[in-house]
Amino acid sequence: MDYFLYRNGSLYAEDVAVADIAAAVGTPFYVYSTATLLRHFKLFDDALADMDHLICYAMKAASNQAIIKTLAQAGAGMDVVSGGEYARAKAAGVSTDRIVFSGVGKTVDEITTALKGGIRQFNVESEPEMVVLNRVAGEMGVIAPITVRVNPDVDAKTHAKIATGMSENKFGIPISRARKVYETAGAMPHLDVIGIDVHIGSQLTDLAPFELAYQKVAELAEQLRFDGHDIRRLDLGGGLGIPYVQSNEAPPLPADYGKLIERTVGHLGCEIEIEPGRLIAGNAGLMVSEIIYVKSGEDRDFIILDGAMNDLIRPAMYEAYHEIIPVIEPVAGAEQALFDVVGPVCETGDTFAKERMMPLVNAGDLIAFRSAGAYGAVMSSEYNTRPLIPEVLVNGDQYAVIRARPTFDEMINRDTIPTWL
Ligand code: LLP
């Protein structure tokens, strides 16, 4: 459920008309709903209420500081995967003892910065990373709290580009070697081995792979305790999927996911962390775009938008489906037709939808891509020298631009011309 609904025939974000935002900031733009962000956060918080827990929002999904601050004020910690995200979380006022650092390739610089600034834990992904972390912590005279990310070799049954928990994927250490790796970690004087981390993929629409993975983690936790490790925290990753197609997709509910966690690892008495990104931000954001032309082709018609693949790359990159709705509600029984919905970028991949049934629309109309709040703005680029599009946050009847559209000069002046030219 989200807070983007038609009222009197016009699409609203909470109590603000999307068309009013478009008139004020221009198109295309992203708009997020505070109430939806908070609602989704609370679903997870309630789902884990019976366990000692921290929900570390995977900032990579949508990392504007206004979004981070909204969630942090509601009680979220953060999952970061780069020095940049760490800096952003701090800038948004997140306390560093609520930031976990994930990622398969943490650099010495990133490790040093996090050890200096404070960190809840590093989710270590390899033995070489462990060696570097132990060395840097030693040089600084501190102890680094770690979990080890294990790869449980479970098929998450999601898009190949976002599955992470199979042995062929680059993530974590094979669970079959975990006891040996923990023994090595346990012997490193500047590491404090506090738990286990796992993340098997993103946009999971079935709970079964989670169940399998968490059972394996529970088994491992008992073995590691037997081996003498004080396993007291489990980071169970993110990945719960969202309905991209409103009508017939029904991914599992956070409440059921919470029960599964309790059932599989609850008996261990560990502190539980999870790292959801998409389920919190995905349906909390729209991308709004204006139709520039409607063009008749040989065997199909095209809706050409001012938004493009550089603004929302998910359809081009993952063949992702985003529901596309007009900002002015079509009247009941309005005529519909099949269209290809495309952007203006000079490549065929700049296609948002093929043969999509859409109401008959005209140049100048506004349309909205639903479920664009996660992995939308954060994955955008300036390809074709198109400015990054603005982000707007709505809260009740107020809204604010939380990232402004750069001017052409701001974009162009980042280049520097060498003296020989
Ligand atoms: N934790 C770790 C270690 C992750 O790698 C990810 C996502 C998450 C948590 C959050 O997963 P979520 O709850 O959002 O599914 N750009 C792709 C998705 C990439 C996900 C990468 N890792 C997309 O647009 O679908």
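Here is a friendly conversation about two domains and a bound ligand.

Student: What kind of model is this, and what pLDDT do side-chain atom pairs need?
Tutor: This is a predicted model, where local features need pLDDT of at least 70, totals for chains, interfaces and linings use all residues, and side-chain atom pairs count only at pLDDT 80 or more. Residues are numbered from 1 along each chain as its sequence is written, and side-chain values use heavy atoms, leaving out hydrogens and water. For side-chain atom pairs, then, the pLDDT is 80 or more.

Student: How is the protein chain divided, and how many Å separate the domain centres?
Tutor: Domain 1 covers 4-31 + 282-412 and domain 2 covers 103-274, with bounds from an automatic or database domain assignment. Taken over C-alpha atoms, the centres of domain 1 and domain 2 are separated by 36 Å.

Student: Which three residues of domain 1 supply 43% of the area it buries against domain 2?
Tutor: Buried area is the accessible area (1.4 Å probe) that two parts lose on being put together, summed over both. Domain 1 and domain 2 bury about 900 Å² between them, 51% of it on carbon and sulfur atoms. More than any other three residues, the suppliers of that 43% on the domain 1 side are Asn 283, Tyr 318 and Tyr 321.

Student: How many residues of domain 2 are in contact with domain 1?
Tutor: Contact means heavy atoms within 4.5 Å. On the domain 1 side there are 12 such residues, and on the domain 2 side 9.

Student: How much of the ligand's accessible area does the protein cover?
Tutor: An oxygen atom of the ligand is 2.6 Å from a polar side-chain atom of Tyr 375. By the Shrake-Rupley method with a 1.4 Å probe, the ligand on its own has 590 Å² of accessible area, and the protein covers 92%.

Notes
A polar contact is a pair of N or O atoms within 3.5 Å; within protein, one must be able to donate a hydrogen and the other to accept it, and residues adjacent in sequence count only if both atoms are side-chain atoms.
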